[in-house]
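Me: I am new to this structure and would like a close look at a single part. Which elements each supply at least two residues of the lining of the largest cavity?

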Amino acid sequence: MIANPAWRGRTAIALWLVFLLVTGLIISGSKFTTDLSAFLPRSPTPEQQLLLDQIQDGLASRLILVGIEGSDAAARALLSRHIAQRLRADSAFTSVGNGEPVNSERDRAFLFDNRYLLSPAVDAERFSVNGLHAALSESIDLLASPAGLLVKSLLPNDPTGEMVQLLDQFDSEAGPHLVEGVWASRDGTRALLLVQTRAPGTDIDAQQAAMGIIRTAFDAARGATDEAKLVMTGPGVFSVTSRESIKTEVRRLFLIGVVLIATLLLTIYRSITALALGIVPVVSGALAGIAAVSLGFGEVHGITLGFGTALIGEAVDYSIYLFVQSEQGGPDLQNWIVRFWPTIRLGVLTSICGFAALLLSGFPGLAQLGLYAISGLIIAAVVTRFVLPHLLPVGFRIHDASAVGRRMSRLVTRAAALRWPAAILLLAAGAVIFAHRGGLWDDRIASLSPVSRADLELDTELRAGIGAPDVRYLVVVSGDSQESVLRSSEQVSTVLQFLVDEGELAGFETPSRYLPSTATQRARQASLPSADVLATRLAQAVDGLPVRAQLFAPFEAEIAAARTQPLLQAADLEKTSMAMAVEGLLVHRDQQWNALLPLTAPTDSGIDPSRIRAALDATGLPDGGLPDGSLPDVLFLDMQAETDRLYSGYLREAIRLSLGGMAGVVALLLLVFRSPSRALRNLAPLAAAVVLVVAGLTLFGQQLIIMHLVGLLLVVAVGSNYALFFDRAHNAGGGDAASGDSGPGQGIASRTLASLLFANLTTVTGFGVLAFSHVSILQAMGVTVAPGVILALIYSAIFVRKAHA
Amino acid sequence: MKTPFFPPIFSPHLFRSVCGALALLVATPVNSDCTRWTIDQLMQAMQEIRSDQARFTERKAIAMLEEPVDSSGELFYTAPDRMEKRTLKPKPESMILDGDSLVFERGGKKRRFRLQETPELAAFITSIRGILAGDRAALEQNYGLSLEGSAADWTLQLLPLDEKIHGVVTSIRISGAGNAVHTIETLQADGDSSLMLIERQAAQ
């Protein structure tokens, strides 16, 4: 076949332009997300699904805790009232609490009007002669007590004290402290508000907007002069600040990295054209990566964008190899392609093996990263090989780097002397890892969080002050109808109440408290005696008590009315503060109903999950179900433990897959080289780099998180190129030596060495910058990759076999 | 008749006339009426109490009930704003007022209120605390005050200013000697009343 280089070049460039156009089109139609979906498993267990629902849309996820500091108590209270008033009028918020009695009138009326449907004390026994007598004497005692003033007016209507029963139930043990009529911190220095957004906590844009509204309300209420300060925390707030801090950090570090790398390359190339052309493969690769992820997953996650681009940073190396290794001018490009392309191709294949493992991950975030890296690297390499040479202008030349290469060569000659010390260091590193094998990894999800310690402390303080639930422990009741989950909730409540009485729990919430199941309401109604019966029994019940039965005429009338009163529906709660509780605790999704029963741990001791589980098992609900054959599930959920389990599963899977990827790299090299010792020589520097980096991090007290792992994959991907170039020089039949550009007695061309050094320097620069980040996930990548690639290069030089050996 | 041990100058009678003469002599407006026991003097005396402990018996007359209800127990006060009423009979229960938090404990159950939540009850309870603390400003926020009698036997009457509170409590009469409170009599708008007799145990 007669090849016309000019024609082939034009075809390649045309195809590349088409490719750019297509990827551009795909990307312009892509959906970019920043929510948690990347961290959520593709096929979650029921527990995980519930957890995810809660994280994404749960009651607790929508809370914003607001604190007002500075100025004096009266000014803070006034601010609190003004802000609350504005926020209550805003549909972005479903509830705004600041201690002002907003709903209490309506709440009281609701409870009082429905007391015989709501009170758990209502049963047939309570309305027997004995039951009435006991309830009446209790009420009379209460009348004589200091609290008597509060209940006196209720006696004729509610002599059995159902209202007191209900108030007791709804009473929270540790209500927030009040200063000047609004909630305040225990020390009184902060006014507190508890705000619930309509949007879920994972809708970061909506959360950000909500924070903006709160801030505006604060600014408007404060005016220009006051020195009061606004603070906010909560899950949504954390998401917003995390996103902001990652965003600004990435932007800042990216800028610094780009400037440094560009300066470095300019110093090396002394050519703006070379610098500009050098980024062609990376940009092409990045576009390919985004387009591939968009096609493969239907959406691209922000995390994929950020870290994927770091992963294909390797592609910058390709153009460095091309520019530095090739002689100047056309003919040598062909020469480069013949001599070096197979090595780069093998390097790309090695990297793909490593990243392919990620594709199999059950977590979309990692799978997206894998797909991005693989497609990006392939395209970057292909563009370097087929397009970039044709883009080079006639007479393209860069600064001759041979001098640097020759100096490198002399170092490399002596590197072999370091074999033993290097091997000993490696052994020592292995020993360090072995000694720390138990605590190598940090599998708490908090390790990924960029939320600062100060913010976490503020959150703890505000929560303690406001008594906001941290909703760590939940009992979740599932069923196929509202009625069935309410009935199961009632059964579970009985068990939980027993645990409260035992002191195992401080308290719990349940939707059935505000909205009893129809069955229960009906049973309560049925236990109310008819007018005649009640009159007779009352007359007997007052015997021995200092009251006359006539006093209770209103009571008799109200019992008569309650017997035929319509049963409570969810809609009846509207406009009371209980409506919000029921809305948050009773979740309807698809065909599934869930009731959530948050548990409160006793203040002096935590919750013992095994005790709770055992008690719940005893109800027979999880397995046995209801007698009518429906099977509502009861699940005890420790959100904290479940989240950590989710992440540690994620981490373990990633470690397993990475090991699989490494096995793929080994298999690939064995297959290509057909020589175990040669494969081993190529693998040794990579293994050494990984072991030394892990040992180093461990010695510095860093526990590894998932981003360290991704960094290690990158070290292997980048380092494999180094090892392969050294290997090529010594296994190409003395090819480099024959080409005449090698130093005396050296296997590897000085120009190749120079290109490796430059590639290494750019990588170290790019990731070295990340190492100084205060965002843990960025810092982890930086401290892994920068030293890792240096070690990979050094160990490649040390372990290379001499050409004449 | 036996000669009094004290010289006549110390008899209240003479003392009062000497005072009057002095007042006339200096011909200044009467800045302090030394003959009368004033609210400020009472408040000042009360302020000296750092903590106080007493026994009480209380009889409540409630129209709805055929018989009055009796109870008894102990009272504790710690300046400036903590007060506890610990009823021992007929059923043990307690009421603790601390700052603006009000806790009732009864049969192992605690019921917490904030004073703001129960304005009527708050007005009643804080009036007693206001007297113990000698906090005239706090008292005058809710009540019109009038004092009768002498240091050795005074009666302070509190009449609610607020309409709503007046609808529940019509008057509170507190009597005592020096800085010791002896009785608290409450009259409610619906005709119910209570009388509490107090006997100091220890004061500091």
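Reply: In this predicted model, the elements that each supply at least two residues of the lining of the largest cavity are α7 (148-151) of chain A together with β1 (51-61), β2 (69-78), β3 (82-89), α3, β9 (169-177), β10 (180-188) and β11 (193-203) of chain B; helices (H or I, at least four residues) and strands (E, at least two) are DSSP runs, numbered from the N terminus. A cavity here is a set of points, on a 1 Å grid over the protein atoms alone, where a 1.4 Å probe fits but cannot get out, and lining residues have an atom within 4 Å of a point. Grid points are joined across faces, edges and corners, and the volume is the space filled by probe spheres set on them. The structure holds eight cavities of 30 Å³ or more, and the largest has a volume of about 560 Å³.

Its lining comprises 38 residues, of which K85(B), F124(B), I128(B), I184(B) and M196(B) lie nearest the centre. By class, 24 are nonpolar, seven polar and seven charged, where Ala, Val, Leu, Ile, Met, Phe, Trp, Tyr, Cys and Pro count as nonpolar, Asp, Glu, Lys and Arg as charged, and the others, Gly among them, as polar.

Since both chains appear in that lining, their contact (heavy atoms within 4.5 Å) deserves a look as well. Chain B and chain A each bring 28 residues to the contact, and about 2700 Å² is buried between them, 56% of it given by carbon and sulfur atoms; buried area is the accessible area (1.4 Å probe) that two parts lose on being put together, summed over both. Six salt bridges cross the interface, each a side-chain nitrogen of Lys or Arg within 4 Å of a carboxyl oxygen of Asp or Glu. One salt bridge joins R548(A) to E66(B), with the closest N and O atoms 3.1 Å apart. On the side of chain B that touches chain A, two or more residues come from each of β4 (93-98), β5 (101-106), β6 (109-114) and α3 (119-133), and β6(B) gives the most, with six residues. That side divides into 10 nonpolar, three polar and 15 charged residues.

Residues are numbered from 1 along each chain as its sequence is written, while chains are lettered from A and ligands numbered from 1 in the order in which they are written. Local features need pLDDT of at least 70 and side-chain atom pairs count only at pLDDT 80 or more, whereas totals for chains, interfaces and linings use all residues, and side-chain values use heavy atoms, with hydrogens and water left out.

Conventions
On a 1 Å grid over the protein atoms alone, a cavity is a set of points where a 1.4 Å probe fits but cannot get out, and a pocket is an open set with protein on both sides within 12 Å along at least five of seven lines; lining residues have an atom within 4 Å of a point.
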